[in-house]
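Got the sequence and the model open? Let's go through them together with a few quick questions.

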Amino acid sequence: MKKIINEKYRHLTGFIDMIPCGGFEEGGELVYNIRNQVKVFDVDGEKIVVKRFKKPHKFNRLMYTFFRGTKAERAYRNAMELKSLGVGTPVPIASINIKEKGLISDCYLITQYTDFKPVRDLILEEKYIRAMGLTALVDFTATLHEKGVEHKDFTNTNVLYSLNSDLTFDFMVIDINRMSFGYMSRLSCISNLKRLCKDSESIHDFSVKYAARRGWNPYFCLFALAFFRGVFENRKKTTGYLKQLRRSNG
C-alpha cells in the first residue's frame, strides 16, 4: 500500500489505513455509485469523503504503476495545487494506491466533506438568484483561466456552489484528476467551456458574459463556443455508436 497523507490530517492515519482493508466496503454511506464509488464516513464527528476509483484495465494498470500517477494521486496533488492558487476544492486528506501482483489494482482519494451543490441546481433557485449565480460563475471560471487552471472535465456537476446570506456565491471544483496548469490561449479558454454549456441559451448567455469579463469580442466567443460544443457533441455520438457496435459484436 502506498499512501500520501496531508500533514494536517496525520491524526486520521488509523482511519486511512483501514480504508483498503475492508473499511470502505463495511462502513460509510454510499452517495455515488456510477463508475466510481463515493462514500461519506463519520470519523469522531467529522464528515470525511472517500472515493474509490473504478479498477483500471490492464493497460492503465501498467501506465499507473510505471509511467504516471493514479487518478487518486493526481487528484490529491491537483487539490494541493489549487489550494496554493486560492481556488476552492474539498481539502485533500490522503490518497491510497493498492497493488496486486506488482500492478496498481485499486486507488482511493480521501477529502473533507462539502455541502456545496452542483451548479446544475442553480436552475432551482429564484430567477434573480440564477442571474446573479451565472454572473458569479462566469467570474469564477474566468479567474480559473487567468490563473492557468484548466479542468479537463469542467461540467455543471463538477463545479459546486454555495449561496451566502449576503447573496454572494462561493465555488469549488471536484473530480480534478484530469487538470493542467499553465498559460491558456483564448481558444483553449473557450474550448474549456464546451462541457459546461449544453444548449443554445447557455452557450449564448455564458459566452457573452465571459467575453465581457475578459474584454474579448463577444461574437468571437459565441461562435467559437458553439463550434467547440458542436464538435464535442459529434464526437460523443460517434463514440457512443462505436461502443454500441462493440457490444453487439460481443
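Q: Which residue takes a positive phi just after H5?
A: This is a predicted model, where local features need pLDDT of at least 70, side-chain atom pairs count only at pLDDT 80 or more, and totals for chains, interfaces and linings use all residues. Residues are numbered from 1 along each chain as its sequence is written, and side-chain values use heavy atoms, leaving out hydrogens and water. Helices (H or I, at least four residues) and strands (E, at least two) are DSSP runs, numbered from the N terminus. Just past H5, the residue with a positive phi of about 80 degrees is Gly148.

Q: How far does H5 reach from its first C-alpha to its last?
A: H5 covers residues 127-146, so 20 residues in total. The expected span is 1.5 Å times one less than the number of residues, which gives 28 Å here. The model comes close to that, with a reach of 29 Å.

Q: Which helices do the buried residues of H5 pack against?
A: Buried means under 20% relative accessible area, exposed over 50%, and partly exposed in between (1.4 Å probe, protein chains only). The buried residues of H5 include Ile129, Leu137 and Phe140. Counting contact as heavy atoms within 4.5 Å, they pack against strands E8 (149-151), E9 and E10, plus two helices: H6 (186-191) and H7 (200-214).

Q: Is Leu167 buried or partly exposed?
A: Leu167 sits in the loop between strand E9 (159-163) and strand E10 (169-173). Its relative accessible area is 35%, so Leu167 is partly exposed.

Q: What percentage of the chain's residues count as buried?
A: The chain has eight helices and 11 strands. Of its 250 residues, the buried share is 44%.
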